[in-house]
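Subject: A structure for you to look at

Hi,

Here is the structure I promised to pass on. Have a look at it first, and then read my notes below.

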Amino acid sequence: ECVYRGGVLPKKHLEFFSVGRKYRVPTFLATSFRRDVANGFCKRESNRHNGRHGSVIWIFHVHPAGKDDPRMLCDHANLIEKSNYKGEKEYLFVPYSVFTVSMVFLSSNPTVMSPHVIHVEAAVDNKKESEILKLAPWS
């Protein structure tokens, strides 16, 4: 299973999201089950920043066994069924959730139509992860 988040990423923060990097996000992190919704956020953020930053789609993977095995269920995320967007369901990660970068596809011209794509694996249990991980500079 995966969920998506769209936005922009300043070039100076690209290096942080390197394969193998384990990090925490210091805020709530809203994601969507729909790629088109993430694309819409990508476009909105690109417009809001007047195209100064490259567009990015994050793809968050949760452990597939969590669907059937409660021990493997991501315990620091919640399904939010009421959203500001009609028919949209969000998967909301709590502050300081832990993620590991698994794949990065950099675009030579990161626009809404051709964004950077960053795949990350969500930790199953934040409490089992180091408390001194680096914090994401951008999410």
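Let's start with one residue: Val124 sits in the loop between strand E8 (116-122) and strand E9 (134-135). (Strands are DSSP runs of E with at least two residues, helices are runs of H or I with at least four, and both are numbered from the N terminus.) Before going on, please keep in mind that this is a predicted model, where local features need pLDDT of at least 70, side-chain atom pairs count only at pLDDT 80 or more, and totals for chains, interfaces and linings use all residues. Residues are numbered from 1 along each chain as its sequence is written, and side-chain values use heavy atoms, leaving out hydrogens and water.

Is Val124 buried or exposed? Neither, quite: its relative accessible area is 22%, so Val124 counts as partly exposed. The cut-offs are under 20% for buried and over 50% for exposed, with partly exposed in between (1.4 Å probe, protein chains only). His61 is 63 residues away from Val124 along the chain, yet their C-alpha atoms are separated by 11 Å.

Now zoom out. The chain has one helix and nine strands, and from the N terminus their order is β-β-β-α-β-β-β-β-β-β. Its C-alpha trace spans about 45 × 35 × 20 Å along the principal axes. The radius of gyration is 15 Å, which agrees with the value near 14 Å for a compact globule of 139 residues. That quantity is taken over C-alpha atoms, and the globule rule is 2.2 Å times the number of residues to the power 0.38. Of the 139 residues, 41% are buried. If you take contacts (heavy atoms within 4.5 Å) between residues at least 6 apart in sequence, 76% of them join residues at least 24 apart.

Next, the aromatic rings. Rings of Phe, Tyr and Trp (its six-membered ring) pair if their centres lie within 6.5 Å; planes under 30 degrees apart are stacked, over 60 edge-to-face, and the rest tilted. How many aromatic pairs does that give? The count is ten. In one of them, Phe16 and Phe17 have ring centres 5.0 Å apart and planes at 75 degrees, so this pair is edge-to-face. Phe17 also makes an edge-to-face pair with Tyr23, at 5.5 Å centre to centre and 90 degrees between the planes. Phe16 and Phe17 are both buried, and Tyr23, at 2% relative accessibility, is buried too. Ring pairs link these three with Phe33, Trp58, Phe60, Tyr91, Phe93 and Phe99 into a cluster.

Cheers
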